[in-house]
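Here are my notes for your reading of the model, set out point by point. Please keep the sequence and the 3D view open beside them.

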Amino acid sequence: MTRLRGARWWHGLVSVLTAAGVGVLTNLATGEFSWALVIALAALVLVQAALAWWQSARDHQDRLDTRDGLLGELRPAAPTSPLSTDDARAVVHWLTAPYSPTPLWGRGKAHDDLRTWCTTRDPKAEVARVITGPAGVGKSRLALAVAESLQDDGWAAGRFQDQSTTLIDAITAAGDPTLVVVDDADRVPTDVLASLLTGAMAHPDLIRVLLLARTADALKALPDTVLPHLRTITALRPVGEAADRQRWYAQAVAAYAKHLHLPKPDLPDRPVGTDEDTLLVLHARALLAVLGKSGTRTHTLTTLVTELVTLEQRTWTTAGHDVEVLAEAVTVLVLLPAATLEDAADLLRRVPQFSADAAQESRVAVARWARRRYAVGPDHRLDLRPHLVAERLVLDTLAANPRLLRDDDAPAAAALLARAHTTYPDALVQLTALLSRQRGALPEALKAIMDCGVFDPLVDRALAALISTEEVMHDLGTREQLVLLAPAREFPHLQAACAALAVAHRRTLVEDEASRRELARALRALSTYLMRVDGYREALETAKEAVALQRELADGTEEQRSDLALALVVLGGVLHELERSREALTVLEESVEILRETAGHQDALCEGLRGLGVVLGEVGRNQESLEVLSELVRMRTTQAEAEPDRYRGELADSLYRLGAAHWRLGESRRARSEAEKGVLIYRELELARPGRHLHDLAIALVHLGTSELDLRRFGAAAELLGEAVAIDRRLDAVEPGRYRSPLAGALYNFALSLMESGRLREAADASAEAVQIRRGLAVTDPERHLPGLARELHGLAMVRSRSGDRAAALEAVEEAIPILRELMKSDPDLHRRTFAAHVLAQGGLLQDLGRLDESARVTAESVAVHRTLGETEPVRFGPALAISLHNLGRIREAVGDVDGALDAYRESVAVWRACSERDDELDGPSYRSELANLRKVLDRLGRRDEAAEFGLEAGASGD
C-alpha cells in the first residue's frame with residue numbers, strides 16, 4: 001500500500017504542474033501564435049495520459065496483490081534439505097498434496113469434470129462443489145491439480161484462509177476468474193463458510209468454490225440459503241487395481257528417491273498393498289521403502305502410519321523437553337481449539353509436566369514451538385498433516401496417558417476421535433473412555449460427533465450404550481438435554497436410545513392431557529426407531545400402546561385425528577414387518593382414510609400409501625396395490641421436483657415398489673422400467689454420499705434383478721442380484737445380524753439367476769447359504785422368518801432338481817410344505833402363492849422319481865391351487881397353471897388315462913394361448929411348444945381329425 005500512496009502523490013504533483021502549464025499556455029495563446037508553446041502543451045497532455053495509464057496499471061496490480069495475499073498458496077516453498085533434522089517439515093510433509101513429487105493418478109474424469117465446471121463460467125451454474133472421501137483418498141491432490149490447470153488458462157486460484165468477506169471483495173476488485181479451494185471445509189466455522197458461499201453466489205460468472213470434506217453430511221449445518229446450492233458432490237474412493245498399484249508404487253519410489261537424494265531401492269515384482277489402500281497409503285509405502293524400511297509393501301495401515309509418526313517425532317527439538325512430553329503437548333493442541341498463543345499455553349496445563357503454575361514459561365515456549373511448526377486450522381486447532389499421521393499420534397498418546405484430557409474437554413475432542421475411528425478402529429476405545437468419565441457432557445459431545453458428518457455403526461451402538469444407563473436416566477438435566485437431541489437417521493441405535501429415554505422421561509411427568517399427548521408421540525417415535533434396529537417385538541408393543549393412547553385422547557379435532565393416523569401408520573408398518581399383513585391392511589386403510597381427510601401431513605400420507613400399497617399386493621389385491629403405489633409415485637415425484645435433496649431417495653423407494661406391483665400383475669417389462677429408475681436414483685445418491693443409501697440400493701437391485709429374471713435375461717439378472725448380495729454382505733460384516741434377512745432373500749434370487757445361467761455349482765452354494773441363514777433367523781423369530789424359510793427351501797429344491805439330484809430336491813420341498821400348511825391356517829391367501837410353487841415342484845419331482853400315485857395327487861392339488869390363483873391373477877399365475885396341467889397330463893398318460901391326459905393338455909394349451917396373446921415374446925415359445933406336444937400325442941393316438949380341430953395338422957410347425 002506504500003507503493004500505491006507514493007504513486008498517487010507523484011500523480012497528484014504532475015497533475016498540478018500540468019494544470020498550471022495549461023493555464024500559462026492559455027494566457028500566452030491569446031497573444032502571438034507559437035509552435036513551441038503548442039508542442040509544450042501537447043507534451044504535457046501526453047505525460048498526463050501516460051501517467052494515468054501507469055497509475056491504472058499500478059492500481060490493478062495492487063488489487064491482484066491484495067487478492068493473492070488473501071488466498072493461501074497452492075504450493076508453499078518446499079524445504080531445501082528434506083532430511084535435515086532441524087527442518088520444521090522434515091520428511092512426512094512430502095506425503096501431502098502440495099509437496100507430492102508424483103502427478104495425479106486415476107482421477108482424470110473427475111479432474112476434467114471439475115475443470116469444465118469452472119471454465120464454462122455459466123452464470124446459472126452452481127458456484128460451489130464438494131469433493132468427499134476418506135482421509136488420504138486424494139481430495140487435496142485432485143483440487144490442487146484442477147487449480148493449477150486453471151492457472152495455466154489465466155485463472156487465479158488459492159486456498160481459503162478464513163477471511164471470506166474481504167476475500168470476495170478482493171476477487172471482484174481484481175476481476176479475474178478465481179477458484180477458491182476450502183480444505184477441511186467441515187472444520188471451518190459455519191458462519192464463515194456460509195459468508196464465503198453467499199458472497200461467491202453473488203458473482204457466479206467470476207468465482208468457483210471447491211469444498212473438501214470427508215463426508216457431505218459434515219456440511220449439513222450450513223443454513224438453508226446455502227445448503228441447497230451444494231448439489232454436485234464428487235465422492236472419491238480408493239482407485240486402481242493391483243497392476244495400477246504396482247506401476248504407481250514404482251513411480252512414487254523413483255520420485256521420492258530423486259527428491260530426497262537417496263538411492264532408488266530394488267523393486268521386486270510382488271503385489272503392493274490392498275484394494276482398500278488410498279493413494280496416500282500407496283505413497284507412504286513408497287516413501288518408507290526409499291527410507292530403507294522393510295515390509296512396506298504389506299504393512300497394515302496402522303503399522304505404516306506409526307512409522308511415519310516416529311519419523312515426524314525424530315525432528316522435534318525444543319530445549320529441555322523429551323519426545324513424550326512434546327507428543328502430549330501436540331496431542332492437546334490438535335484436539336482442542338486455542339485462538340491465541342496464550343490460550344494454547346493455558347491448554348498445556350493438561351500435560352502433567354506443565355501443570356504447575358511455575359511452568360508458565362515452558363508452556364508458552366512449547367505452545368509457540370508447536371504453532372510455528374504446524375499451521376493453525378480454521379477451527380484454531382493445530383493442523384498437523386497428513387491427518388492420518390495426526391490422528392495416529394493422538395490415539396497413541398491418549399492410550400499411554402488417558403487422563404491427558406479433562407472431563408470438560410469431551411465435547412471439543414469427541415468429533416476428532418469419531419472421525420479417526422473411520423480409519424483406526426481403536427479410536428472408539430478412546431472416545432467411549434472420554435465420554436464415560438463425564439456423562440454430563442454427553443449431549444454436547446454427541447451433537448459434536450453428529451455434526452462432524454462421520455457415521456459409523458459401531459460408534460452408533462457405543463453411543464447408544466452410553467446413554468442407556470441408570471445414571472443418565474436419573475440425571476434429570478442430562479436426560480432433558482438428550483431428549484431434545486434428535487440424532488441423525490444414520491445413528492439408528494442412538495435414535496432408539498434417545499427415544500426410549502424420552503418415553504421414560506414422559507412417564508415421570510405429571511399426568512395431564514398434554515403430557516399424555518406427548519407420551520403418545522414419544523411412543524410413536526420409539527416404535528419407528530425400534531424397527532430400524534430390528535426391535536420389532538418391542539416396536540409392536542410400543543406402537544399398540546401409542547395407538548391406544550391416541551384413541552383415548554381423540555377429541556375430534558384435526559390435530560388429534562392426525563396424531564392417531566400417524567400412530568396407525570407406524571403400527572401398520574410393524575405388523576407388516578412381522579408378516580401380519582391382514583392386520584396391517586386394516587390398520588393402514590384406517591390411517592390413509594384419516595390422512596386424506598386432514599391437511600398438512602403429506603409425508604405421513606405418503607408413508608401410509610407406501611405401506612398400504614405393499615400389503616394390498618401381499619394379500620392379492622394387486623390392481624388396488626398398483627393404483628395406490630401409482631398415486632404415491634406421483635406425490636413423491638412432485639416433492640422431489642421441489643426438494644430433490646430431501647425427496648429423491650423417497651421417490652426411488654416408491655418407484656421400485658411400483659415396479660413390484662407391476663411384477664405381481666405379471667407386467668415384467670413395466671416392473672423392470674420402474675425398478676430401473678429407482679436403481680438409477682439410488683446409484684446417484686450413493687455416489688454423492690457413500691454408504692447412506694447402500695441398503696436401499698441393494699433392495700432396489702433385487703427388484704430389478706427379479707424383473708430381469710422373469711424376462712429371461714438371466715445374465716443381466718445374475719449381475720444385478722450378485723451386486724445386491726455383495727452389498728448385503730458388506731453391511732452384514734459391519735453390523736452382524738441386522739442385514740441377515742435381506743441377505744438371505746438376495747441369495748435366493750441370486751441362486752435362481754445363476755441356475756438359469758447354467759452356473760449350477762455357484763447356484764447350489766448360494767441357495768444353501770440362503771437356507772442356512774434363514775434357518776438361524778427362524779429359530780429366534782419363527783413367526784417372522786418361517787415364510788422366508790419356505791421360500792428359500794423352494795429355491796434350494798429348484799437348484800438341486802436342475803443339478804439332477806431329485807431326491808435332495810424333494811427333501812427340501814417336503815420340509816417346506818408342512819410349514820406352509822401351518823401358516824395357511826392363519827392366513828391362506830397370504831401364503832397360498834408360495835404353497836402353490838412348492839406343490840408344483842413336489843408333483844414334478846415325485847413323477848421324476850417314479851412315484852406316480854403320489855405325484856398324481858399332489859399335481860392335482862397344484863392344478864387346483866393355481867386355478868384359484870389364476871382366477872384373480874391370470875397374468876402372474878397363468879404360466880404356472882399351464883405347467884401344472886402339463887405335468888398332470890404326463891402323469892395321466894403314464895398310467896393309461898388317455899382321455900384325462902388329453903383334457904389336461906388341451907387346457908394347458910388354452911392357458912398358454914391366453915398368455916401368448918398378452919405377451920407373445922415372453923410366452924409364445926411355451927405356447928407353441930405345448931401345441932407341438934399335444935399334436936404329438938394326438939398323432940401317436942391316430943386322432944388326426946381332432947388334431948385338425950385344434951389347427952394341429954401333421955405338418956404344422958412347432959416341433
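1. I begin with a single side chain in this predicted model. Phe491 has a relative accessibility of 0% and therefore counts as buried. Phe455, by contrast, counts as partly exposed, because its relative accessibility is 22% and the buried class requires a value under 20%.

2. The search of the whole structure finds 4 aromatic pairs. One of them is formed by Trp105 and Trp248, whose rings are stacked, with 5.4 Å from centre to centre and 5° between the planes. Trp105 belongs to the loop between α2 (35-70) and α3 (108-120), while Trp248 belongs to helix α7 (residues 242-259), so this pair ties together parts that lie 143 residues apart in sequence. Both Trp105 and Trp248 are buried.

3. The two phenylalanines of the opening point, Phe455 and Phe491, also form an aromatic pair, here edge-to-face, with 5.2 Å between the centres and an angle of 80° between the planes. Phe455 sits in the loop between α16 (442-451) and α17 (457-467), and Phe491 sits in the loop between α19 (476-483) and α20 (492-507), so the contact ties together parts that are 36 residues apart in sequence.

4. Two arginines deserve a look for their placement over aromatic rings. Arg392 lies over the face of Tyr424, at 4.7 Å from the ring centre, and Arg791 lies over the face of Tyr748, at 5.6 Å from the ring centre.

5. How are the strands of the 5-stranded open sheet ordered? The order is β2-β3-β4-β1-β5, and the pairing is parallel. Because β2 (156-159) and β5 (233-235) stand at the edges and have a single partner strand each, one side of each is left without a neighbour in the sheet. On average, and with direction ignored, neighbouring strands of this sheet are turned by 15° against each other.

6. Within that order, strand β3 (residues 178-182) and strand β4 (residues 207-213) run parallel and are joined by 5 bridges. To locate this pairing in the 3D view, one can start from Val182, which stands opposite Leu211 in β4.

7. Is Glu471 buried or exposed? Glu471, a residue of helix α18 (residues 470-473), counts as exposed because its relative accessibility is 52%, and the cut-off for that class is over 50%. Between Glu471 and Leu404 there are 24 Å in space, C-alpha to C-alpha, and the two are 67 residues apart in sequence.

Definitions and conventions: Residues numbered from 1 in each chain as written. Predicted model: local features only at pLDDT ≥ 70, side-chain atom pairs only at ≥ 80, totals over all residues. Heavy atoms only, no water. Phe/Tyr/Trp six-rings, centres within 6.5 Å; stacked < 30°, edge-to-face > 60°. Helix = DSSP H or I, 4+ residues; strand = E, 2+ residues; numbered from the N terminus. Buried < 20%, exposed > 50% of the residue type's maximum accessible area, 1.4 Å probe, protein only. Lys NZ or Arg CZ within 6 Å of the ring centre and 35° of its normal. Pairing = 2+ DSSP bridges. Axes fitted to C-alpha atoms, helices over the stretch in contact; angles between N-to-C directions.
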